[in-house]
Structures are given as structure tokens and as C-alpha cells.
Amino acid sequence: MSVSIPEGLLDEWELVAGDERWHGTRSLVLPVTTRQGRAAALKIALPDDESEHEHIALQRWQGNGAVLLLRADPSRRALLLERLDRDDLVDVWDLEACEIVGSLYGRLHVPPMPQLRDQSSYVARWVGALQRDAATVPVPRRLVDQAIGLARDLCREPASAVLHGDLHYENVLCGERDGDPQWLAIDPKPTNGDPHYELEPMLRNRFEEYLLPGAVGSVRDGIRRRFHALVDAAGFDESRARDWAVVRSVLNAHWAHEEAVRTGRRPTADEREHVTACITIAKAVQD
Ligand SMILES: Nc1ncnc2c1ncn2[C@@H]1O[C@H](COP(=O)(O)OP(=O)(O)O)[C@@H](O)[C@H]1O
Ligand SMILES: [Mg+2]
């Protein structure tokens, strides 16, 4: 990954950077201090589709449920953010984390914005690719057909909210509001869509914890507990949330398959495990 600080930006924005560099998967983040002495974080992202609209959602949220944006230069993919605590939700008990994230959705899911793309335009494209590979993707045909049918129905409806688009355990950090600690979302890849779309990464990430010896009940139970914690905290419609979880799980399994085909090799052990996890989620939410 080759993200670097744009030439002259630190001087232009009057920022003093320390030695630390926090690499995300698609970005470079460094702690900085502003001229006024405020602790901030400078994020430089790869210039791709995903980072194109990050500043638009952050500007709209104004720090409500999300990190506060202090300054942005979209052409250089540079964002100056309030500095948050680096502890994320990865070390928080999974069900508690699901409750926290479930209660964040309502604050982030503001009315759709004309500057953002529709999530359904992406989903329609992904579903087209899934349909093309329906016979070869290593997912039971019944699930593939079900996902295609559900996606078609879900995508017919107009978008009702701004979605964060990547709300998982690592993208929620602790900050402060009115003197109290508060969990806040970072790193949006915003689109307009159906709020129920948002939930699936919370079921898939930290999948290995469902399998730990200390886990209570089966993998299926663990998935269903998280699903219900999210649905309840968000006040979601259970059946819509389930439909999106099925669609997204099957699409995720397909991507792993596509990647192996694209690079002309057999799926790796990790990819096979990932596909199995996706199938398990799609089944568990429907039991
Ligand atoms: N405002 C912030 N305050 C403190 N740390 C941050 C802040 N924003 C990002 N980080 C740190 O940088 C990492 C990567 O940032 P993130 O916005 O999630 O980018 P990526 O798209 O690369 O995942 C985060 O996981 C977190 O550790
Ligand atoms: Mg991130």
C-alpha cells in the first residue's frame, strides 16, 4: 500500500506530527497537533471509490455518533479528525458491542443525500456477477437463488437513509461528548440505502469467537444472539435484517470465490473458511 502525506499539507494546515503512524488497511493515519494545541488525527486514504465520499457523511453527522471532521481536502483524500482513543470494540464482549453498534445506527442513518451513490446500484452489479457464477460458486444452489431473489426485491425500494457502509468492531472508537465517554463511528464508506443493510459485518467479523471452547452454545446460537442484539438495539425489522444478512453473506462468499478464479488458483484455506462462515451465517439467521 502506498499512501503518503501530500507534499506541503502539514504546513498548509499548520499541523505538527509526532513519529507515530497508524496504518489502516487502506489509509495512513497520524496523530497530529493543531496550531491551537488540539489533539487531532490526520487521515490520508487511497484515492479509490470507497474513500471518495467519506468527508460528506462526516460533515453531515457533525460529530453525532461519529468522529468529528475538523477539515477536509477531498482532492487529496485528506481528513483532519478529532483525535479519539485508539481502543475499539474488538476487545468488548461481542453482544455488548452489538448493542453499542445497534444503537449507533439510528444516529448515523440520516435522510439520503444527493451527493452519495445508491447502495442498490452496487448490489445490483454484485448480484449480476453472482448470477453469472451461480453454477460454480461453492454455495448451496438454494441459498444462491434465494439471495438473488431477495436482493432483487430489496433493491427495488428507494434508499431511505445514509449508510455508514463499513460499520464493524474496528471502526468504532471511544471519544468524549459533553464530558462523558462515548463510542463513535469512524471510517465510513457512505452510500444511500436501507438501514438494515448495515448489520452483516457485525455477524461475520470475530467469527472465530463463535468457535472458542468458552462460547455458550453452538455457532448458530452465537450468530443468532448477535443478530438479535443488533436488531433489538436498532429497532430494526427482523425479517428485513435477515434478508440483507442472507444477501450479503452469499455475496461475500462469492467474492472469495471470484478472487480465487480471477487469480487462476484454487481457493486458499482462509478463503474456504471464509466461505463456510458466510454460509453458516446465511443459514443461522434463517433457522
Ligand atoms: N480520529 C481518530 N483518532 C484516533 N485514531 C484513529 C482515528 N481515526 C483513525 N484512527 C486509527 O487509524 C486506524 C485506521 O483508520 P480508519 O479510518 O479505520 O482507516 P482504514 O480505512 O484504513 O481502516 C483506525 O483503526 C484507528 O486505529
Ligand atoms: Mg477502518
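A cavity is a set of points, on a 1 Å grid over the protein atoms alone, where a 1.4 Å probe fits but cannot get out. Grid points are joined across faces, edges and corners, and a volume is the space filled by probe spheres set on the points.

This is a predicted model, in which local features need pLDDT of at least 70 and side-chain atom pairs count only at pLDDT 80 or more, while totals for chains, interfaces and linings use all residues. Residues are numbered from 1 along each chain as its sequence is written, and side-chain values use heavy atoms, with hydrogens and water left out.

**Exercise 1. The cavity**

Find how many cavities of 30 Å³ or more the whole structure holds, then describe the lining of the largest cavity.

Solution.
- Step 1. The search of the whole structure returns one cavity of 30 Å³ or more.
- Step 2. The volume of the largest cavity is about 70 Å³.
- Step 3. List its lining residues (an atom within 4 Å of a point). They are K43, I44, A45, S51, E54, H55, P74, R77, A78 and L79.
- Step 4. Assign elements, taking helices (H or I, at least four residues) and strands (E, at least two) as DSSP runs numbered from the N terminus. Two or more lining residues come from each of β4 (39–45), α3 (54–61) and β6 (78–82). β4 gives the most, with three residues.
- Step 5. Sort by class: Ala, Val, Leu, Ile, Met, Phe, Trp, Tyr, Cys and Pro are nonpolar, Asp, Glu, Lys and Arg charged, and the others, Gly among them, polar. The cavity lining has five nonpolar, two polar and three charged residues.

**Exercise 2. The domains and the largest pocket**

Locate the largest pocket relative to domain 1 and domain 2.

Solution.
- Step 1. Divide the chain into domain 1 (9–82) and domain 2 (89–284), with bounds from an automatic or database domain assignment.
- Step 2. Their C-alpha centres are 26 Å apart. Contact (heavy atoms within 4.5 Å) takes 18 residues from domain 1 and 20 residues from domain 2.
- Step 3. Define a pocket: an open set with protein on both sides within 12 Å along at least five of seven lines. The largest has about 1,400 Å³ of space.
- Step 4. Its lining counts 49 residues, with T25, D166, N171, D187 and K189 nearest the centre. They split into 18 nonpolar, 13 polar and 18 charged.
- Step 5. Both domains give residues to this lining, so the largest pocket lies between them.

**Exercise 3. The second largest pocket**

Which helix gives the most residues to the lining of the second largest pocket?

Solution.
- Step 1. The volume is about 370 Å³.
- Step 2. Of 14 lining residues, R204, F207, E208, E273 and A277 are closest to the centre.
- Step 3. Helix α10 (residues 269–284) gives the most, with five residues.

**Exercise 4. The largest nonpolar core**

Trace the largest nonpolar core, then place S249.

Solution.
- Step 1. A nonpolar core joins buried Ala, Val, Leu, Ile, Met, Phe, Trp, Tyr and Cys residues through side-chain atoms within 4.5 Å. Buried means under 20% relative accessible area (1.4 Å probe, protein chains only).
- Step 2. The largest core has 75 residues, and V139, L199 and L203 touch the most other members. Helix α9 (residues 238–262) gives the most, with nine residues.
- Step 3. Domain 1 and domain 2 each supply at least three residues to this core.
- Step 4. S249 is found in helix α9. S249 is buried, at 1% relative accessible area. Beyond neighbours within four places in sequence, S249 contacts E200, C278, I281 and A282.

Notes
Chains lettered and ligands numbered in written order. Buried < 20%, exposed > 50% of the residue type's maximum accessible area, 1.4 Å probe, protein only.
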